[in-house]
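User: I am new to this structure. Please take a close look at one part of it, the nonpolar core, and tell me how it is built.

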Amino acid sequence: MEKSLVVITGASSGFGAEIAKIFNQAGFPLLLLGRRIEKINALPLNFERVIVEAVDVTDYKAFEASIKKAEAVYGPVDLLVNNAGVMLLGNVLEQDPLEWQTMLNTNIMGVLNGMQIVLPGMKERNHGTVINMSSLAGKKTFTNHAAYVASKFGVHGLSETIREELSGSNVRISLVAPGAAETELLTHVTDQNALRDYQSWKESMGGITLDPVHVAESVKFIYDMPQAVTIREIDIAATAQDA
């Protein structure tokens, strides 16, 4: 049976890269989006049925054009994984508001952009899945995470609202909320105090957090369920994480 198109945003590293690997190994045609395409092109993938595009998910027109390009080759999107995101930690009393805006634009507007692009077609076909990558910071608070928490609470809220709206159309909206993980998210943090506090917290858990491979496996598990079954949310973290 011919496999349908899978779109993954933020595919250059971390969760996105591992999700790309697991769907590539399973033989799905892929559209991999990211701002650092050299890192995507360096992934250990079979690129025979892979399209790689340099796209910032906050750019609606570029996002839409890349999806239309892939659909012209592989048919309609059956799975969109909204994975692109940024985590800029900082105390709200001192953090540059531009960092707040960057997180809100990427973590919320990027997700909404992707959903608005693919959902009309999914609704028309009565088939399709969107999996939004959030965080445990979308369910609970963490010190020095105020704006990030706000963005991820937003992802939780919009995901559940749209799931309710589309449940009668046989379209699945799911969410994966990982805890602390071994990704590159921290490399963009400019607040050194917040970074030190995070590293101290990580050391209190033994210095090892969640392997992104297992997050990718969770995404694949959600998608592999029958279309009549929606796993609404998976919260996943290292066993040692106590918060």
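Analyst: What follows starts with the whole chain and then moves into the core.

This is a predicted model. The chain holds seven helices and seven strands. Their order along the sequence is β-α-β-α-β-α-β-α-β-α-β-α-α-β. The radius of gyration is 17 Å, close to the 18 Å that the globule rule gives for 243 residues, so the chain is as compact as a globular protein of that length. Along its principal axes, the C-alpha trace spans about 50 × 40 × 35 Å.

Now the inside. Buried residues make up 53% of the 243 residues. Contacts often link distant stretches of sequence: of those with a separation of 6 or more, 69% join residues 24 or more positions apart.

The largest nonpolar core has 32 residues. Ile 8, Ile 19, Phe 23, Leu 32 and Met 133 touch the most other members. Several elements each supply at least two residues of this core. Among them are these strands:

- E1 (5–8) and E2 (30–34)
- E3 (50–54) and E4 (77–82)
- E5 (129–133) and E7 (233–236)

Helices H1 (14–25) and H7 (212–224) also supply at least two residues each. H1 gives the most, with six residues.

Take Phe 23, which lies in helix H1. Its relative accessibility is 0%, so Phe 23 counts as buried; the cut-off is under 20%. Which residues does Phe 23 contact, leaving aside its neighbours within four places in sequence? They are Val 6, Phe 28, Leu 30, Leu 79, Val 219, Lys 220 and Tyr 223. Val 219, Lys 220 and Tyr 223 fall within the range of helix H7 (212–224). Ala 216 is 193 residues from Phe 23 in sequence. In space, the two are 9.0 Å apart, C-alpha to C-alpha.

Next comes Leu 32, another of the residues that touch the most other core members. Position 32 falls within strand E2 (30–34). Leaving aside neighbours within four places in sequence, Leu 32 is in contact with Ile 8, Ala 11, Ala 20, Ile 40, Leu 45, Val 50, Ile 51, Val 52 and Glu 53. Of these partners, Ile 8 is also among the residues with the most core contacts.

There is a second, separate core of 26 residues. Its members include Leu 5, Val 7, Ile 67 and Val 111.

Last, the outside. The accessible surface comes to about 11100 Å², and 53% of it belongs to carbon and sulfur atoms. The chain carries 20 positive and 28 negative charges, and their mean positions are 4 Å apart.

Methods: Residues numbered from 1 in each chain as written. Predicted model: local features only at pLDDT ≥ 70, side-chain atom pairs only at ≥ 80, totals over all residues. Heavy atoms only, no water. Helix = DSSP H or I, 4+ residues; strand = E, 2+ residues; numbered from the N terminus. Rg over C-alpha atoms; globule rule 2.2 N^0.38 Å. Buried < 20%, exposed > 50% of the residue type's maximum accessible area, 1.4 Å probe, protein only. Contact = heavy atoms within 4.5 Å. Areas by Shrake-Rupley, 256 points an atom, 1.4 Å probe, with all protein chains shown as cover. Lys, Arg positive; Asp, Glu negative; His and termini not counted. Charge placed at Lys NZ, Arg CZ, Asp CG, Glu CD. Core = buried A, V, L, I, M, F, W, Y, C linked by side-chain atoms within 4.5 Å.
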